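Visitor: I have just opened this entry and would welcome a short tour. Could we go through it together?
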Amino acid sequence: MADDKDVLRDVWFGRIPTCFTLNQDEVTEREAEAYYLLLPRVSYLTLVTDKVKKHFLKVMRAEDVEEMWFEYEGTPLKWHYPIGVLFDLHASNSVLPWSITVHFKNFPDQDLLHCPSSSVIEAHFMSSIKEADALKHKSQVVNDMQKKDHKQLWMGLQNDKFDQFWAMNRKLMEYPTEEGGFRYIPFRIYQAMSDRPFIQKLFRPVSPEGNAYTLGDLLKEMYPAAITNDGEQKRYQVVIHGIEPLLETPLQWLSEHLSHPDNFLHICVVPTPSD
Amino acid sequence: MPVSLLWAVDVYGRVYGLSTAGQQWDQCRDAQMEFKRVTAAQQCCWGIACDNNIYLNVHASDLSIRYQEETYENQRWNPVDGFSERLLPSDRWQWSDVTGLQHQPLDSFQLPSSSWEWEGDWYVDENFEGEPTEKGGWTYAIDFPATYTKDKKWNSCVRRRRWLRYRKYKAMDTWAKIPSQHTTLPDPFSDISCGGWEISEEPRGRLCLWAVSLQGKVWFREGIYHHNPEGASWEEVLLPGEVVQISCGPADLVWAVLWEGQLIVREGISRDCPKGASWAIVESPSSDVGATHVAVGNNVVWVVTKDNKVWFRRGVNSHNPCGSGWISMVGEMIMINVGQNDQVWAISSEDRAVYFRQGVTSSELSGKTWKAITVPRDGDRSHSSANLEKGSADGPESGKTSRDVGKATPTVLEEDTISHEGDAKAPCAGVALSPSQSGSPLDTQWSNVDLEEAQSQQAQTGAVLDSADTCSLSSVATYTLAMEDPYGGDEHPLWAWVSGGGCSVDSHSQLSWFNSVNTASLVQSVLSMSLSVSPAQTAAWRKQIFEQLSERTRREIDNFKHYEQAIEQSVWVKKGSMQWWRDWKPHKWIDVHFALEQFSGPEGNKDGILFIYYNYYEEKKYLHAFINEVTILVPVLNDSKHTFAIYTPERTKQRWPIRLAAATELEMHDWLALLSVSCCDSRGIQGPPAKQAIWSITCKGDIFVSEPSPGLEAVPYPTPCDQMFWRQVGGHLHIVECNSVGIVWGIGFDHTAWIYTGGYGGGFFQGLASSTDNIYTQTDVKSVYIYENQRWNPVTGYTNRGLPTDRYMWSDASGLHECTKANTKPPSPQWTWVSEWAIDYSVSGGTDREGWQYAADFPASYHGYKTMKDFVRRRRWARKCKLTTTGPWQEVPPIALSDVTILPCAAQSTVDMVPVWAISNKGDVLCRLGVTALTPAGSSWLHVGTDQPFKSISIGAASQVWAIARDGSAFYRGSVSPQNPAGPLDQVGHYDFTSHIYRHGGNTYHTACLFVGDFVAFVLGLQVWIIADKVQGSHSLSCGTVCHRLAVQPMQPKGQSWDYGIGGGWDHITVRGNSVEPPHIRFPSLTDTSSPRSLLEVRNTEVDSSTSGC
């Protein structure tokens, strides 16, 4: 039987084959070829698309270029969501590669945050980690870390260094044995067809009686519609990292193994494809 | 930590045990009677039953309690009859003890009590001082008493032989009555307390048992030790007053409470005088309220006064047993008990619950808070009905059963109790006949707990307690239960007494005693929690995630491998500051910058380079090492710096590793873990070690494993020793033994047996370098020794003023280094002191009563008595320190081992039994039953009875077991089979193994002295590996080097030369996992000493400074 460590590795090295095409409306000097790339599921769009930008800039005039943004089938893609979440939420049942349209004009300010440099991503990433640790350990672990430890986490993500990242991240995943888990589970539930960005509430991994809560328990509380009752047609898929864990999976285990590097468990609830 | 028990008695006199691993009180079903008080040690529990007799419950152990009776048959030669029983009138008895003064015919030996049985009949001991004697076991001398020899000479006028018979203690796990002494004990006992097991290790298992009689006298039980658990007799101890209660700590503290409320403290307790010499009086903590109860530990005294207030005595230790002052504590208790590690239990006066004092550590002996133990009793739900059954069964039978327990004549008192008990039971029996009432239980429970008769009625329907006429005479148990409580009294046991003397917990112990709320759900969750480890591995949800993840990889990655990666792999550098033991003279620590550069190698495998940047005469220079050339990373023992060594083949040859020191322990561990992962990555090694791995141990106790190519001997050019890659496994061991099916046993410095769990990592390897399952806490304890040296001068005798040329007056064993009590530190920062300095009497050569050894001068051979020629003396002080770490090891309780051996077989299936033999640290020979590849820990020990203690054991091909006794005799046990795992043991002769213990797995003795030195050598198949004391070209630190004998062939068993590997500082190696195929070699007869040997194991434990001759 494989070890739980392999799950961490699989999660980290998850890739989405992506085809970037330039938006038709962009003014180009010559026709832009599509650009194919394997995107890390746990990273952020604007962090890993330098090559895409370089590729398309070759066919464009500098004065036509504003801030780059991405769109999938009419939906602007929020760079501050992990790439895997964007894919699972919007394109989980589509044909691979994932086809993303690249824009250099008409930045949708109402939908997207600006991302002028990677330091913005770093700030966003670190604030997520801090928020998660506030939930897990009252911020005790992250506050005990030094500046260079924080840097190691970020550099690990930026350079796709699994060992480097986990050498530090494991500290964030520790908890007192007698407690049976974190204080609260840092999670976010995303819905495909909703105006609300995501659901995030306080939820403990262990019941007062000492029983471990499961993914099902969490959904029952947060999003009962996502659960298929007996005899019902399955309406929703509950997707984490492109897979559908069983509802009896313990939440604490999920949080330790299927969280993104930002230490949040990102759960996508998407409608079952009607084919 | 082994499972141990907390004992308690409830107000009805029922005895319960709570396991440190358990979550409920288990009733001691065997206790046919009610008990008043119990007092526990690790190996047994003493109690006073309601018949006022003292009972002993010895915990069952795989190691049976065998007592050797011996007597001597003496004969004298006369010209007519030759040797005959006819002795001279001035001679000793025909049958006598060893001195000849005591008449001891065979039939004078009686079993001391009904708890014993004879193991066999008398037989003649044919072993004399480790050598087999002529038939008949006679030894000869000129006259009585004289020096005996095994050979008969012309002038041998007398002879004698020793007869042996064993008796065995059979009353295990049952309450056996201690025969009473009618003549000296006019009144029954009211309190007892046992302890004193830390005063001395000799004789083994010694206990001190103190008892108080109803008239207030104090008695001491003489002669309790392992082979005589019941003790010999009661001795009265004179008193300044009348005592009500007494408490004896694990070491030399004994306190008692007087009727008047003062306390008395026993002074002068020592290893020679466990009874102590005199009493000192300590006033009650409160001037107007007397003390009623006292409990002592190693360095603590707790007292309860009449108003139920709790007091802690400050400043108590063995030098000052009276302490210095009282501190008032919170809580109102009726009794307190102190167990091991000064942990404290108490029974609250308010709710009669057992409380545990949390946070008691050696630095904070008074602890932090009281925490109630809230676990349920077994069968609490069906409690009322079970109780009724018990009542009805006990009524008619109680008289009989109590007689069964103690065969000795029942005293009048006992009869009294029985009739009383029978009467008391009657109402219960009555209730039992009307089962309709058990739905709303209204059973009146009775017991005759001395003066503490108690009655309690369950008041589910709001019934009022009928306490007017039957309530307790003392302050016990008139207690109103909460009316709304759905389970009435069953929910809340009322306790009368608790004893933690047998309960090995400390402030770090994880106990699950405190969080139960609901009985049923608790038991449920316990079950699911205890099972959660293995089913989690196979749980559907887990399987689903693994399957889906690999499905995801197929879907999203496998078809798109030709796509470009978004993030390019680059070089990753980790930097730090360290100190480096520089390579050139004068050697010293210099500050350096340290960097590890990691990158992906040409074939996608990871690799790296280590850089050490230093300044050489203002010039910046660096030293580097390729990660794929590093053979081992070794933490080095250093009491002030956090140092480790990096070896490459070249540096192993030079015996000069790169030695580095990190600023903090944490930093060193981070670096070691990182470098280790890096080295393993570059060699493509991951996960647990293979079954063929070679295991070794450093003298520091670190565990290393190396996985050579299968069949080291098979290839014509085996991997040179210095190129073997070793990686560390978490944990701490002294000895490790393995075999080829992956069974690995270890023994710690404290003789605890450990079994390898199949994991990897642990210790400072955390996160990715460690497996998640199979890692457990491991502790080890060892002693640090220093010597106190003195020189004699004619004026003042022995003083600590030596000659100017003398060694330090406080030194290490060599005398070269000064080691005082104050400046001696534990071996490394990971170790912490757990005891005070104490004189060590167990030094080879013996000591006098104060621990001194004498000699003519330093350094010389020391002896344990003073002669006219002795001008210097020394004594050894020992202090224990403890290490707590983690590793893939699980304890095999409860017997402590000194040696273990596993058959190097290639078992055909995972259910085949694998022979495992061991020697306990007391010298018992043990055979482990039920060991298979699936259950490497086995099930139980089979104790193989022997006439003398053993020190070394080895099992070889065809399951031949060889063992060496402490007196040097070698024993051989053939035809060990699964059907007869123990086989017969034959003595094959005496070899002078006092300096060299050669261990043999084969058929012959191999006494050629290939090596002189401190070495451990193991031979397997045709592999010979040793730990050499010194090797050629060695520097001072290279003692303990792994060496491999090259070209050992069946016809050339001596081989050709040694190949030197990693070292120094190595202590132990086992290559038994590396056997390629099961040995199929036919064995010639025992007498053929020149025959080839296929399995040979050599081991030497003697320190010898000579260098190797080969």
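Guide: The following exchange covers chain B, its annotated spans and the nonpolar cores. Please keep in mind that this is a predicted model.

Visitor: How many helices and strands does chain B have?
Guide: Chain B has seven helices, alongside 68 strands.

Visitor: And what share of chain B is buried?
Guide: Of its 1110 residues, 54% are buried. The area that chain B exposes is about 48,300 Å², and carbon and sulfur atoms supply 52% of that.

Visitor: Where does UniProt place the Peroxin/Ferlin domain feature?
Guide: An unreviewed UniProt entry places this feature on chain B, at residues 64-125, 137-170, 779-840 and 851-884.

Visitor: What is the strand content of residues 137-170 of chain B?
Guide: That span is 44% strand and 0% helix, and its end C-alpha atoms lie 30 Å apart. For residues 851-884 of chain B, the figures are 50% strand and 0% helix, with the end C-alpha atoms 31 Å apart.

Visitor: Changing topic, which residues touch the most other members of the largest nonpolar core?
Guide: This core has 90 residues, and those touching the most other members include A:Phe20, A:Leu45 and A:Trp98. Helix 3 of chain A, residues 83-91, provides the largest share, six residues.

Visitor: Why does the core lie between domain 1 and domain 2 of chain A?
Guide: The core lies between them because domain 1 (5-103) and domain 2 (175-275) of chain A both give residues to it.

Visitor: Is there a second core, and which residues does it include?
Guide: A separate core of 34 residues includes B:Trp175, B:Met335, B:Ile373 and B:Trp497.

Note on methods: Residues numbered from 1 in each chain as written. Chains lettered and ligands numbered in written order. Predicted model: local features only at pLDDT ≥ 70, side-chain atom pairs only at ≥ 80, totals over all residues. Heavy atoms only, no water. UniProt positions renumbered as here; feature names shortened; annotations may be inferred. Helix = DSSP H or I, 4+ residues; strand = E, 2+ residues; numbered from the N terminus. Core = buried A, V, L, I, M, F, W, Y, C linked by side-chain atoms within 4.5 Å. Buried < 20%, exposed > 50% of the residue type's maximum accessible area, 1.4 Å probe, protein only. Domains from an automatic or database assignment. Areas by Shrake-Rupley, 256 points an atom, 1.4 Å probe, with all protein chains shown as cover.
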